[in-house]
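Dear colleague,

I am passing on the structure below, together with some notes on what turned up in it. Please read the notes with the model open beside you.

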Amino acid sequence: MAAFEWPWQYKFPPFFTIQPNLETRKKQLEAWCSLVLSYQRHSKSYNLDVTEAQNSELFHNKAISRKLSVDAIYTVLDELRKRGHIEWQDKMKKQCLVMWRTPEEWGKLIYNWVSANGMNNTVCTFYELTDGENTVGEEFHGMEKWLLVRALKTLEQSGKAAIMEEGVKFF
C-alpha cells in the first residue's frame, strides 16, 4: 500500500486546536473531515474507536508533538455524523462506522460498474461484488457487508436492483 499523503495542515500546530473564530473553525472542520475520510479510505477502514483514535497517527502528529483533544475529536466526528459519513455504534459514542462515501454514492459507483460490464439483468452474490476477481481494483472491492447492503438498498429503492438473501439482481 502506498504511503498516506498528509495535507499541509497536519504539519501546522494550530490545526490541532479547535479555533474560536467561526469562519476559521468552519474551514478547519472541513479540513479535518476531509482528512478523516481520506485516511479511512486509504486504510480501507470502516470502523473507528475513539479511545484508540486518540493515539493514532490520524489525530496525533508526533513529529510536531501535537494531538487533537478528545473533545475536539468528538467535534470532528459530530460534523461527520451531520454530513452522513459516520454512525455511532453505541450510546457512549466510543465506536462508530465510517463511510467515506455515503451509501447512495456507493450505490451509484456499483451500478456504474454493473452497467459498464454489461451485467444488467444478472444476479451477483455479495461475495462476487466485494471479493470476486472481477472487482479487484474497484473501489468497492473489500467493502464490508453492512455497507454493501446499505448501498444496494439505495439501488433497490430506485428500482435498479432487488436484494436477495446473499446476492442482488441488477436491472
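The notes below cover the sheets, the nonpolar core and the salt bridges.

This is a predicted model, in which local features need pLDDT of at least 70 and side-chain atom pairs count only at pLDDT 80 or more, while totals for chains, interfaces and linings use all residues. Residues are numbered from 1 along each chain as its sequence is written, and side-chain values use heavy atoms, with hydrogens and water left out.

One open sheet has 3 strands in the order β1-β5-β4 with antiparallel pairing (strands are DSSP runs of E of at least two residues and helices runs of H or I of at least four, numbered from the N terminus; two strands pair if DSSP finds at least two bridges between them). Its edge strands, β1 (47–49) and β4 (86–88), each pair on one side only, and the twist averages 25° from one strand to the next. Between β1 and β5 (residues 95–98) there are 3 bridges, and D49 has Q95 as its bridge partner in β5. Helix α3 (residues 70–82) lies across β1 and β4, at about 110° to β4 (angles run from 0 to 180 degrees between N-to-C directions of axes fitted to C-alpha atoms, for helices over the stretch in contact; contact means heavy atoms within 4.5 Å).

A further open sheet, also of 3 strands and antiparallel, has the order β6-β8-β7. Here β6 (123–125) and β7 (161–163) stand at the edges with a single partner strand each, so one side of each is left without a neighbour in the sheet. Helix α6 (residues 145–157) lies across β7 and β8, running at about 130° to β7, and I163 has V168 as its bridge partner in β8.

The largest nonpolar core (buried Ala, Val, Leu, Ile, Met, Phe, Trp, Tyr and Cys residues joined through side-chain atoms within 4.5 Å, buried being under 20% relative accessible area, exposed over 50% and partly exposed in between, with a 1.4 Å probe and protein chains only) has 51 residues, and W32, L48, F59, L152 and F170 have the most contacts inside it. Helix α1 (residues 22–42) gives the largest share, 8 residues.

There are 8 salt bridges (a side-chain nitrogen of Lys or Arg within 4 Å of a carboxyl oxygen of Asp or Glu). One of them joins E30 and R83 (2.9 Å, N to O); E30 lies in helix α1 and R83 in the loop between α3 and β4, so the pair ties together parts 53 residues apart in sequence.

With best wishes
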